[in-house]
Amino acid sequence: MKHHLKEWFTAYTLLAPSFIGLATFIIWPMIYSGYLSFMKWDFLTEPRFVGLRNYEKLFNDDVLRLVLWNTAVYSVAVVFITLILALGLAVLINRDLKFRAALRAIFFLPVVTTLVAVSGLWLFIYTPDFGLMSYILRLFGSSGQAWLNQPNAALWAIIIMMVWQGLGYDMIILLSGLQNIREDLYEAAMIDGAGHWALFWNITLPLLSPTLVFLLIVSIIQAFRVFDPVYIMSGGSGGPANSTATLVFYLYKQAFTNQDAGYASAIAYLIVGIAVILTAIQLTLSKRWVTYQ
């Protein structure tokens, strides 16, 4: 009995810092945010109970509909474009290339660079007068464009930047998945006369499906949480005309610009609800097509 108590005490003592951090920075903020979602609070006066009014406002907010659309377009584009490009690069680099290690390092470098630095770099690239993008366009006889000042182009400018930034991470994860596929499977298929496309479609893709599902879930959650590049690239406005505003940015704007902590908390719970639903759908669908060796 004393031995079990000692093990119990040692285990929970070692876990205590993690439990304290989890309770302090995740569990308690979620509970308090839920409480605030039923309140009207401007950070200065006492919170006032308003019932479900903040949640009713979610259904009547025209800007929120635009923000939801922006977030959906951003998430789908960034996640799937990055996955497709990363898969192609991973298959290419998985071959016996002379500079494979150097290529991995080059593609992974943007991942370890802070989003603030990446956003600053791409602000320079998108500069109409002397940016790299405008310089390339002038080489082909076109003129420089104010990409971030055009409602139809600003969000896609951020999407391109985030695909570039996240490409290396997806590539490395997919590369590790490719290297875990047994070579004898390919050898047996080639003996039977399978070509490169048949090998990829019938062996590589099915056995890479657990890795793809993992990246899909993680990437979508991260995409819904995007804030830094939107804030920096739009100059803190989410513009032009809210064309780059995403859910987390809109939450921030409601809380700290409009000083409406209650409505911001309701938006936070909307984000959590969407993330939970999307994750559940992906996990359910993944059971039908994930293949293990």
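User: Where does H7 bend, and by how many degrees?
Analyst: This is a predicted model. In it, H7 bends at Gly 166, by about 40 degrees. That figure is the angle between an axis fitted to the seven residues ending at Gly 166 and one fitted to the seven starting there.

User: What makes the span of H7 agree with its number of residues?
Analyst: H7 has 26 residues, and at 1.5 Å a residue they should span 38 Å. The end C-alpha atoms of H7 are 38 Å apart, so the two values agree.

User: What makes the link between Thr 279 and Ala 275 a polar contact?
Analyst: A polar atom of the Thr 279 side chain lies 2.7 Å from the backbone oxygen of Ala 275. The cut-off is 3.5 Å, so the pair counts. Thr 279 itself is in helix H13.

User: Which residues does Thr 279 touch, leaving out those up to four places away in sequence?
Analyst: Thr 279 touches Ile 217 and Ile 221. Ile 221 is also among the residues closest to the centre of the largest pocket.

User: How much space lies in the largest pocket, and which helix supplies the largest share of its lining?
Analyst: The largest pocket holds about 1,100 Å³ of space. Its lining has 40 residues, and those closest to the centre are Ile 221, Gln 222, Phe 224, Arg 225 and Val 226. H13 supplies the largest share, eight residues. Other helices that each give at least two residues include H1, H3, H7 and H10.

User: How does the lining of the largest pocket divide by class?
Analyst: There are 30 nonpolar, seven polar and three charged residues in that lining. Arg 225 is one of the lining residues, and it counts as charged because Arg is in that class.

User: What lines the second largest pocket, and which helix gives the most?
Analyst: The second largest pocket has about 470 Å³ of space. Its lining includes Val 91, Arg 95, Glu 183, His 196 and Phe 200. H9 gives the most, with four residues, and H8 also supplies at least two. By class, seven are nonpolar, three polar and two charged.

User: Why is the peptide bond between Gly 239 and Pro 240 worth listing?
Analyst: Most peptide bonds are trans. The bond joining Gly 239 and Pro 240 is cis, with omega about 5 degrees. Pro 240 has its place in the loop between H11 and H12.

User: What is the sign of phi at Phe 43, and where does this residue lie?
Analyst: Phi of Phe 43 is positive, near 75 degrees. Most residues other than glycine have a negative phi. Phe 43 is in the loop between strands E1 and E2.

Note on methods: Residues numbered from 1 in each chain as written. Predicted model: local features only at pLDDT ≥ 70, side-chain atom pairs only at ≥ 80, totals over all residues. Heavy atoms only, no water. 1 Å grid on protein atoms, 1.4 Å probe; cavity = no way out; pocket = protein on both sides within 12 Å on 5 of 7 lines; lining within 4 Å. Points joined across faces, edges and corners; volume = space filled by probe spheres on them. Expected span 1.5 Å × (residues − 1). Polar contact = N/O pair within 3.5 Å; in protein donor to acceptor, adjacent residues only side chain to side chain. Contact = heavy atoms within 4.5 Å.
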